[in-house]
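Welcome! Have the sequence and the 3D view open side by side, and let us walk through them together.

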Amino acid sequence: MSDDSGIGPAASPGDAREPARPRTHKGQGPTALLVVDVQPDFLPGGRLAVAEGDRILPGIRHLMKSGTFDVQVATQDWHPPAHASFASAHPGREPFEVIQLHGHEQVLWPDHCIQGSPGAELHSALPWTRVDAVIRKGTDPTVDSYSGFRNNWGPGGRRPLTGLEGYLRERGIQRVVVCGLARDYCVRWTAEDAAAAGFDTVMVWDLTRSVDPSGDEALRSELEGAGVHIVNSDTLEIAP
Ligand SMILES: [Zn+2]
């Protein structure tokens with residue numbers, strides 16, 4: 001991959017970042033960067049805004065331009081109107097209520113990331129020309145999809161695959177580095193599914209933000225219990 005970027009510490013606003021300290025997260029096999037759902041609807045001002053979601057943009061941009069990754073994949077939440085995950089599709093329900101859908105808990109969200117709408121675009125602050133593939137998810141009107149690897153549970157009680165695992169395997173990928181939004185939903189599910197699929201999985205904690213930060217401590221231990229390595233971006237070796 002060609003790289004015309006200047007390599008240096010990420011210029012993250014308000015973030016007194018230490019210089020990158022080389023550590024163990026390089027040279028462990030072909031590695032993919034997964035950039036999860038960085039779309040205007042999930043950023044401040046969007047329809048399902050994650051607090052401080054804009055703070056992660058400079059660091060993700062730095063990773064994408066670093067030339068470090070063998071493959072880069074973006075996920076894009078991409079719902080038809082009246083999607084089953086929208087509160088508006090369930091009369092009498094409000095956003096953030098939890099219902100049973102196909103036998104599992106489903107959070108009801110404000111309408112967001114509607115196919116073709118400006119809020120569903122890949123955010124213009126990131127260099128998407130660096131990305132090899134975009135996985136669109138949540139396209140089934142009746143099933144949500146937090147993870148880039150599989151949908152949530154559908155009517156058959158299964159979580160259908162998106163094809164991302166096969167794509168990464170065919171490219172020889174052994175290790176994935178996950179960042180994006182939101183930490184406690186789509187990033188979490190993507191990382192857990194990556195680990196379950198047998199990839200060495202790293203979540204870049206400071207390049208994610210949660211819908212509900214009060215759950216972050218429990219989330220961190222649950223992810224570690226699922227085999228996900230949690231790091232901060234200053235401990236990723238990203239300069240060649
Ligand atoms: Zn969604």
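## The sheet

In this predicted model, 6 strands come together in an open sheet, and their pairing is parallel. Reading across, the order is β5-β2-β1-β6-β7-β8. At the edges you will find β5 (133-137) and β8 (229-231), each of which pairs on one side only. From one strand to the next, the twist averages 25 degrees.

To see one pairing in detail, look at β2, which covers residues 71-77. Its partnership with β5 is parallel and runs over 5 bridges. A handy landmark here is Val-73, which stands opposite Ala-133 in β5.

## The nonpolar core

Next, turn to the largest nonpolar core, which has 49 residues. The residues with the most contacts inside this core are Leu-34, Val-35, Ile-60, Val-178 and Cys-179. Several strands supply at least two residues each, including β1 (31-36), β2, β6 (175-181) and β7 (200-209). Helices do so as well, among them α1 (57-65), α2 (164-170), α3 (183-196) and α4 (216-225). The biggest contribution comes from α3, which gives 6 residues.

Cys-179 is a good place to zoom in. Setting aside its neighbours within four places in sequence, Cys-179 is in contact with Val-35, Val-36, Ile-56, Ile-60, Leu-63, Val-204, Leu-207 and Thr-208.

## A helix under cover

How many of the 14 residues of α3 are buried? The count is 12, so this helix is largely enclosed by the rest of the structure. Among the buried residues of α3 are Arg-183, Asp-184, Tyr-185 and Cys-186, as well as Ala-194 and Ala-195. The cover over the buried residues of α3 includes β1, β2, β6, β7 and α4.

Both sides of this helix have a backbone detail to look for. The loop between β6 and α3 holds Ala-182, and the peptide bond from Leu-181 to Ala-182 is cis, with omega near -20 degrees. Just after α3, Gly-198 takes a positive phi of about 100 degrees.

## Two positive phi angles outside glycine

Which residue in the loop between β1 and α1 deserves a look? Try Asp-37, found in that loop: its phi is near 50 degrees, a positive value in a residue other than glycine. Asp-37 counts as buried because it has 30 C-beta neighbours inside 10 Å.

His-102 also has a positive phi, of about 50 degrees, although it is not a glycine. You can find His-102 in the loop between β3 (98-101) and β4 (104-107). Is His-102 buried or partly exposed? It has 16 C-beta neighbours inside 10 Å, so His-102 counts as partly exposed.

## A buried loop residue

Our last stop is Ala-84, in the loop between β2 and β3. With 20 other C-beta atoms within 10 Å, Ala-84 is buried, because the cut-off for a buried residue is 20 or more.

What is Ala-84 in contact with, once its neighbours within four places in sequence are left aside? The contacts are Ala-89, Leu-101, Pro-141, Thr-142, Val-143 and Asp-144. You can also trace from Ala-84 to Trp-109: these two are 25 residues apart in sequence, and their C-alpha atoms are 9.4 Å apart in space.

Definitions and conventions
Residues numbered from 1 in each chain as written. Predicted model: local features only at pLDDT ≥ 70, side-chain atom pairs only at ≥ 80, totals over all residues. Pairing = 2+ DSSP bridges. Helix = DSSP H or I, 4+ residues; strand = E, 2+ residues; numbered from the N terminus. Axes fitted to C-alpha atoms, helices over the stretch in contact; angles between N-to-C directions. Core = buried A, V, L, I, M, F, W, Y, C linked by C-beta atoms within 7 Å. Contact = placed C-beta atoms within 7 Å.
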